[in-house]
Amino acid sequence: MTSSVLMPTYAPPTVTFVRGEGTVLWDDGGKRYLDFLSGLAVTSLGHAHPLVADALSAQARTLWHVSNLFGNALAPEVAATLDRLLGGGGRVFFANSGAEANECALKLARKWGGRGRYVVVSAYGSFHGRTLATLHATGQPQKHEAFQPLPEGFRHAAWDDIEDLARMIDPSVVGVLLEPVQGEGGVRAPSPEYLAAVRRLCDERGMLMIMDEVQTGLGRTGRWFGFEHFGVRPDVVTLAKALGNGMPIGACWARADVADAFAPGDHATTFGGQPLATSAARAVLAVMEEENVPALAAAAGARLRSALEATPGISGVRGLGLLLAAELEEGEAKRAQARLLEVGLVVNAVTDTALRLAPSLLVSDAEIDEAVAMIATVLAEGRGES
Ligand code: PLP
């Protein structure tokens, strides 16, 4: 089968991976790569983590799926763990992806707000998904154009600019949807006081503070959740990517009094919360708690950051924990991404000038050193030094 039978939504791939273990991937020719992208911040425990694989295979021999018309033993347990990690007092809806977790948050905000309160303000540069509503929430107008008209009820404010955000608020606004660190937008953390100011604005104007933790959540930034770096507590939190370590699962958590705006029949999904996906999530969360993975990510992130900062050709490093971007010279990022793939390192050019690095949170010191050595070599080549 050739890739031409797939819809052309991605550029034709140059590499086909067939196996992974921890931070290492192998392609169909047997070549080894270090994976410093993790399927875009998904395989946070590395590829084929044995405890997650065991949990999945045991569940695959027990029960895959029942309709949400019936109970299953796993979803309430995973929901309770997420609620505890998020500080308690909330309820969870399980979905299958980040976009769907955000769709749940958007619908919940509208139901909670009542008629006439339906607008959600998000930030320019944000990314919230590719469904029509989450595409409109995504603050990248160039991605909107071909799909107009998009669902009503979205506005965008400049990122990290509380005054611009305040200007967008009128009585129709029910919530503010933000990533704690913009991931797809270039790995951009806000200034330290921004999210606290957003929290105050939401409290003053009776709006929900909705944090999209799809990319940042579950240890990626060196804490359980990105918002913890900023001393705020949101009303609604969305998760996906790392929750299943590659098994598709998303979650929308909300404060119980907000979640209770939903009644039976208001929202639903065939697959969300099914046993196979929640067995993976239960194992992921157990490993993360057992090994204190957020703390490991903080330590590994500090090592990776300082090694990158000391690398010639890198003018700056931004981000938190193990969600980092290395700023290169103009136009260098695409070349470096392609060349690094050739030499066996998977990263991505998150902008024209920056490489995003998001390895497994269990990455070893030796793997960090090996990856940074490859980056140093490739950047030196770019300067004609090899
Ligand atoms: N929100 C954020 C912050 C993301 O980074 C992404 C994906 O990159 C999404 C939402 C969409 O998630 P999915 O692709 O699982 O729908």
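Q: Which element gives the most to the lining of the second largest pocket?
A: In this predicted model, several elements share the job: α3 (75-85), β4 (90-95), α4 and β10 (250-255) each supply at least two residues of that lining. With four residues, the top contributor is β4.

Q: Which residues are closest to the centre of the second largest pocket?
A: Let's stay with this pocket, which holds about 720 Å³ of space. Its lining is made up of 30 residues. The ones closest to the centre are Val92, Phe93, Phe94, Phe262 and His267.

Q: How many residues in the lining of the second largest pocket are nonpolar?
A: Sorting the lining by class helps here. Two residues are charged and ten are polar. The nonpolar count is 18.

Q: Where does the largest pocket lie?
A: Now for the other pocket, with about 2,100 Å³ of space. Among the elements giving two or more residues to its lining are α1 (38-41), α4 (98-113) and α12 (332-343). Lining residues come from both domain 1 (3-26 + 36-41 + 293-360 + 372-382) and domain 2 (52-291), so the largest pocket lies between domain 1 and domain 2.

Q: Which residues lie nearest the centre of the largest pocket?
A: There are 50 lining residues to choose from. Nearest the centre you will find Tyr10, Leu37, Leu40, Glu184 and Asn348.

Q: How many charged residues are in the lining of the largest pocket?
A: The lining residues fall into three classes. Of these residues, 23 are nonpolar and 18 are polar. The charged ones number nine.

Note on methods. Residues numbered from 1 in each chain as written. Predicted model: local features only at pLDDT ≥ 70, side-chain atom pairs only at ≥ 80, totals over all residues. Heavy atoms only, no water. 1 Å grid on protein atoms, 1.4 Å probe; cavity = no way out; pocket = protein on both sides within 12 Å on 5 of 7 lines; lining within 4 Å. Points joined across faces, edges and corners; volume = space filled by probe spheres on them. Nonpolar A, V, L, I, M, F, W, Y, C, P; charged D, E, K, R; others polar. Domains from an automatic or database assignment.
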